[in-house]
Amino acid sequence: MPSMPHDRRWMSRAFELARQGLGHVEPNPMVGCVIVLRGEIVGEGWHRRFGGPHAEVAAIAAAGKNARQATAFVSLEPCCFTGQTPPCTGALIDAGVAKVVIGCCDPNPKVAGGGVAQLRAAGIEVIVGLLEEEARQLIAPFSKLVTRKRPWVIAKWAMTLDGKLATRAGASQWISGEASRTVVHQLRGRVDAILAGRGTAILDDPLLTARPPGPRIATRVVLDTQASLSCESRLMQTIDQAPVVVVVGEQAAMERRDSLVERGAEILVPSGDSPHTRLESLLTKLGQRQTTNLLVEGGATVLGTFFDLGAIDEVHAFIAPKLAGGAAAPSAIGGQGIADMSAALKLHRATTEILGEDVHLHGYTRG
Ligand code: AOF
Ligand code: ZN
């Protein structure tokens, strides 16, 4: 779509505003809005927190009377229904804006083009799809949850240069340096749930909390078929700081389940007769709980199951300049894996960053 460079700048500014909602707005999307009158920004706003005013309403309030005859740049199609807040289409119409430029349509079936139609019916000029790719990327976890009813899966691991998650004896603390761990804690502090396998939960005895805390408190999810997690584990001992969900198999002993429940954990029993079908079922259950972002922290078996299922959306790998060796030492992704290198999962929009001595590689599994 041909567009003037300054239009792009304003839309980019709307994205930048939107990103400030990360970790605060879920399961809602991050949305930003810039109101421009005669080439000047007269109001800005973003969706700051779940249940709070939408970006357009905040920007209109900031613009005051200057919203009249102005152009609103919104990263997402304005909503046209009453949820926890009134529809933004009404707010834009009442404010008297002349034009609305939208990044991408809202995949929420309650909107899905309805917002555009309402604005047009009110005589407002509407342009859809300015910097559309980026606008879609901004709301990817929300889109997945609202359309596929499943969380967005972020796989994270720290490994040695030779691709090991631990030594042959299972020792994994610490592979990455301080700077990498800071980034991991930032991730933990903005997701809805953090998942680890039984091996990791028992061997490493991790807390899986964000330190310092971020905008959200993630539920800690442990895959533990036999319900063998100890009530003395650090996870269970810190249950007052963040919830613990133990995902068990149907065969898990009732007394084990009961003792975990007594200490405040929640038990989930996914259905299915293979690790893959059980994982599908778990993802559905997490989606029903409005889990928007799920951080999968390992170990290799769990990462392998997610990988084989094609369930990973985003990857954060921290690679330390260390060598562990050992054929028996676990590498990052277990499971079946692929046979043909041409079938390798390629990361899109991959970026690398140096964190202390480590390399932080970030990318997406879909374009
Ligand atoms: C917008 N602007 O800033 C956001 C929108 O329950 P509510 O009222 O907060 O509505 C949530 C829905 O509104 C959400 O599922 C998505 O479709 C849309 N989000 N829309 O016009 C915003 N955050
Ligand atoms: Zn709205």
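This is a short tour of one protein chain, with a suggestion at each stop for what to select in your viewer. Keep in mind that the model is predicted.

**Stop 1: the whole chain**

Start with everything shown as a cartoon. You are looking at 12 helices and 14 strands. Turn the C-alpha trace along its principal axes and it spans about 70 × 45 × 40 Å. The radius of gyration is 23 Å, which agrees with the value near 21 Å that a compact globule of 367 residues would have.

Now switch on the surface. Its accessible area comes to about 17,000 Å², and carbon and sulfur atoms hold 53% of that. Of the 367 residues, 51% are buried. Among contacts with a separation of 6 or more, 71% join residues that are 24 or more positions apart.

If you like, colour the charged side chains next: there are 38 positive and 36 negative ones, and the centres of the two sets lie 2 Å apart.

**Stop 2: the two domains**

Select residues 5-145 and give them one colour, then select 149-364 and give them another; these are domain 1 and domain 2 in the domain assignment. Their centres, taken over C-alpha atoms, are separated by 34 Å. Where the domains touch, domain 1 contributes 12 residues and domain 2 contributes 17 residues.

**Stop 3: helix H12**

Next, select residues 300-308, which form helix H12. Is this helix largely enclosed or left open by the rest of the structure? It is largely enclosed, because 7 of its 9 residues are buried. Show the side chains to find them: Ala300, Val302, Leu303, Gly304, Thr305, Phe306 and Phe307.

What do these buried residues pack against? Add strand E6 (152-160), strand E7 (193-197), strand E8, helix H11 (275-288) and strand E11 (293-296) to the view, and you have the packing partners of H12. Before moving on, look just past the helix for Gly310, which has a positive phi, near 70°.

**Stop 4: Asp224**

Strand E8, one of the elements that H12 packs against, leads to the last stop. Select residues 219-223 for E8 and 234-237 for helix H9, then look at the loop between them, where Asp224 is found. Is Asp224 buried or exposed? With a relative accessible area of 1%, Asp224 is buried, because the cut-off for that word is under 20%.

To see its surroundings, show Arg198, Leu229, Val246, Val247 and Val248. Asp224 touches these residues, leaving aside those up to four places away in sequence.

Technical notes
Residues numbered from 1 in each chain as written. Chains lettered and ligands numbered in written order. Predicted model: local features only at pLDDT ≥ 70, side-chain atom pairs only at ≥ 80, totals over all residues. Heavy atoms only, no water. Helix = DSSP H or I, 4+ residues; strand = E, 2+ residues; numbered from the N terminus. Rg over C-alpha atoms; globule rule 2.2 N^0.38 Å. Buried < 20%, exposed > 50% of the residue type's maximum accessible area, 1.4 Å probe, protein only. Contact = heavy atoms within 4.5 Å. Areas by Shrake-Rupley, 256 points an atom, 1.4 Å probe, with all protein chains shown as cover. Lys, Arg positive; Asp, Glu negative; His and termini not counted. Charge placed at Lys NZ, Arg CZ, Asp CG, Glu CD. Domains from an automatic or database assignment.
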